[in-house]
Amino acid sequence: GKFTDFAGTVTFDGKDLSKGGAEFTIQSKSITTDNERRDNHLRSADFFAVDSFPTVTFKSKKIIPGQGNAFKLVGDLTMRGVTKEVTFDGVFNGTVTAFGGMRASFSATTTVNRMDFGISWSKTLDSGGLVASNEVVINVEVECGKHKE
């Protein structure tokens with residue numbers, strides 16, 4: 001699935017990635033998997049509990065530059081009122097001048113255990129597997145424009 005309602009801020013120094021940062025807020029109710037029944041279940045108390053916890057947030061604490069354009073983005077992820085430190089493996093995809101200004105692109109991914117955030121609903125399939133994996137991969141694709149001062 002994906003979220004369709006979100007906002008964020010990226011601070012970026014093209015010469016030193018470690019001076020950057022990122023914050024984002026996702027509206028939990030915007031989850032979509034193109035299946036209304038499943039989406040409503042994901043919005044329920046079994047998963048995101050959107051009535052009690054309307055947002056998912058992330059606030060970076062540090063960026064650790066890696067080889068080439070790679071970096072690690074360390075910060076606090078909050079879901080369902082639980083905050084855990086996570087590390088995204090990221091890549092700076094470059095900049096381009098388009099749409100009237102400079103744009104920068106980043107990709108990042110991390111894996112979290114949903115149980116750590118109090119999302120424990122599950123059912124066992126007849127084959128013995130789980131309906132919902134405990135490990136959840138989070139992929140983030142960001143394209144941002146330069147703030148005009």
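Arg80 is buried (under 20% relative accessible area, with exposed over 50% and partly exposed in between, using a 1.4 Å probe and protein chains only) yet has no salt bridge. A salt bridge here is a side-chain nitrogen of Lys or Arg within 4 Å of a carboxyl oxygen of Asp or Glu. The nearest side chain of opposite charge to Arg80 is Asp46, 7.1 Å away; Lys and Arg count as positive and Asp and Glu as negative, while His and the chain ends are not counted.

This is a predicted model, in which local features need pLDDT of at least 70 and side-chain atom pairs count only at pLDDT 80 or more, whereas totals for chains, interfaces and linings use all residues. Residues are numbered from 1 along each chain as its sequence is written, and side-chain values use heavy atoms, with hydrogens and water left out.

The chain has one helix and nine strands, where helices (H or I, at least four residues) and strands (E, at least two) are DSSP runs numbered from the N terminus. Their order from the N terminus is β-β-β-β-α-β-β-β-β-β. The C-alpha trace spans about 55 × 30 × 25 Å along its principal axes. Of the 149 residues in the chain, 28% are buried.

Arg80 sits in the loop between strand S6 (70-79) and strand S7 (82-98). A polar atom of the Arg80 side chain lies 2.8 Å from the backbone oxygen of Ala45. Not counting residues up to four places away in sequence, Arg80 touches (heavy atoms within 4.5 Å) Ala45, Asp46, Phe47, Phe48, Ala49, Phe53, Phe117, Gly118 and Ile119.

A second arginine, Arg43, is found in helix H1. Arg43 counts as partly exposed because its relative accessibility is 24%. The backbone oxygen of Lys29 lies 2.7 Å from a polar atom of the Arg43 side chain. Beyond its neighbours within four places in sequence, Arg43 is in contact with Lys29, Ile31, Phe48, Ala49 and Val50. Phe48 is thus listed among the contacts of Arg43 and also among those of Arg80.

The structure holds eight aromatic pairs. Rings of Phe, Tyr and Trp (its six-membered ring) pair if their centres lie within 6.5 Å; planes under 30 degrees apart count as stacked, over 60 as edge-to-face and the rest as tilted. Phe3 and Phe48 are edge-to-face, because their ring centres are 5.5 Å apart and their planes stand at 80 degrees. Phe3 lies in strand S1 (residues 2-3) and Phe48 in the loop between helix H1 (36-43) and strand S5 (55-65), so the pair ties together parts 45 residues apart in sequence. Phe3 is partly exposed at 24% relative accessibility, whereas Phe48 is buried at 13%. Phe24 and Phe58 form a stacked pair, with 5.3 Å between centres and 20 degrees between planes. Because Phe24 lies in strand S3 (residues 21-27) and Phe58 in strand S5, this pair joins parts 34 residues apart in sequence. Phe12, Phe71, Phe92 and Phe106 form one aromatic cluster.

Phe48 and Phe71 also belong to the largest nonpolar core, a set of buried Ala, Val, Leu, Ile, Met, Phe, Trp, Tyr and Cys residues joined through side-chain atoms within 4.5 Å. Among its 26 residues, Phe48, Phe71, Leu73 and Leu77 touch the most other members. S3, S5, S6, S7 and strand S8 (101-113) each supply at least two residues of this core. Leu73 touches residues including Ala22, Phe58, Ile63, Val86 and Phe88.

Definitions and conventions: Polar contact = N/O pair within 3.5 Å; in protein donor to acceptor, adjacent residues only side chain to side chain.
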